[in-house]
Amino acid sequence: MHFLITAGPTREYLDPVRFISNASSGRMGLSIARTALRRGHQVTLIVGPIAPRLPQAARTIRVETTEQMAQACFKHFARTDCVIMSAAVADYQPVVCRTSKIKKRPGKMTLHLKPTTDILAELGRRKKRQLLIGFALETDQPRANALSKLKKKNLDYVVANSPLSLSSERIEATILSAAGESFSTGSVSKLTLARRLVLLGESHFDAPRRH
Ligand code: CTP
């Protein structure tokens, strides 16, 4: 099988030295990539700026901005069987990115932002045979919000989790399916959740398996 996995944050620049981003460590996506490789799959890994060492056997594309991540995902989507979108993609970008450093001035400052491309929603529109698994980071009404993302983005599964899992070794998640199933993991390592998601992907395809 061919997995397309995204990991880490994206950055949206205000000027040459400042950006909007988030605290994603990329651990979840890297665990999924390592698990899929270990089980004999092909992996395209699209990663935002993160420090950890990346698995060598994956075809890795390093990106910084949401638009770069979007273009890389769209390019590789056609020959993908399963997308696992664990990247913490920035939702907004500055309307203008200054070419010179913004100078400090007295008083308040207002930033004007516009939405970035919703990569997963676009993949949902383009999908044919591909299995789409998204994440939903929620602070309130996790189940209802995650289900609404599942529908809106035309996903097969959504993994609801909380900001506690950002930058953490562990994750507490609920996996919800388009068919109405639901499974809560309890608090598990990201590697344990990774294995569950890769097995879920395999269960939809007649894939060669290694243990
Ligand atoms: N996602 C994406 N492109 C974006 C924003 C999010 O592909 N511009 C993906 C994420 O990688 C994740 C899923 O969509 O798999 C849900 O992301 P999340 O941040 O939880 O939700 P949003 O759709 O951004 O909505 P909100 O921030 O309002 O909860």
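1. A polar contact is taken here as a pair of N or O atoms within 3.5 Å. By that criterion, an oxygen atom of the ligand, 2.9 Å from a polar backbone atom of L120, makes such a contact in this predicted model.

2. Two further backbone approaches belong with that of L120. A backbone N or O atom of T117 lies 2.9 Å from a nitrogen atom of the ligand. An oxygen atom of the ligand is also 3.0 Å from a polar backbone atom of L137. The protein buries 77% of the 560 Å² that the ligand exposes when taken alone.

3. The shell around the ligand comprises 16 residues, with M85, A87, D91, K149 and K153 the closest. By class, nine of the shell residues are nonpolar, three polar and four charged. Strand β9 (131-137) and helix α3 (119-126) each supply two or more of these residues, and β9 gives the most, with four.

4. The ligand occupies the largest pocket, whose volume is about 900 Å³. Of the 40 residues lining this pocket, A87, A88, V89, D91 and F135 are the closest to its centre. Two or more lining residues come from each of α1 (27-38), α3, β9, α4 (142-152) and β10 (157-161); β9 again gives the most, with four. The lining divides into 19 nonpolar, 14 polar and seven charged residues.

5. The second largest pocket has a volume of about 350 Å³. It is lined by 16 residues, of which R98, I102, M109, T110 and L111 are the closest to its centre. Eight of the residues in this lining are nonpolar, three polar and five charged.

Technical notes: Residues are numbered from 1 along each chain as its sequence is written. This is a predicted model: local features need pLDDT of at least 70, side-chain atom pairs count only at pLDDT 80 or more; totals for chains, interfaces and linings use all residues. Side-chain values use heavy atoms; hydrogens and water are left out. A residue is near a molecule or strand if one of its heavy atoms lies within 4 Å of it. A polar contact is a pair of N or O atoms within 3.5 Å; within protein, one must be able to donate a hydrogen and the other to accept it, and residues adjacent in sequence count only if both atoms are side-chain atoms. Accessible areas come from the Shrake-Rupley method with a 1.4 Å probe; for residues, only the protein chains shown count as cover. On a 1 Å grid over the protein atoms alone, a cavity is a set of points where a 1.4 Å probe fits but cannot get out, and a pocket is an open set with protein on both sides within 12 Å along at least five of seven lines; lining residues have an atom within 4 Å of a point. A molecule sits in a cavity or pocket if more than half of its atoms lie within 2 Å of its grid points. Ala, Val, Leu, Ile, Met, Phe, Trp, Tyr, Cys and Pro count as nonpolar, Asp, Glu, Lys and Arg as charged, and the others, Gly among them, as polar. Grid points are joined across faces, edges and corners, and a volume is the space filled by probe spheres set on the points.
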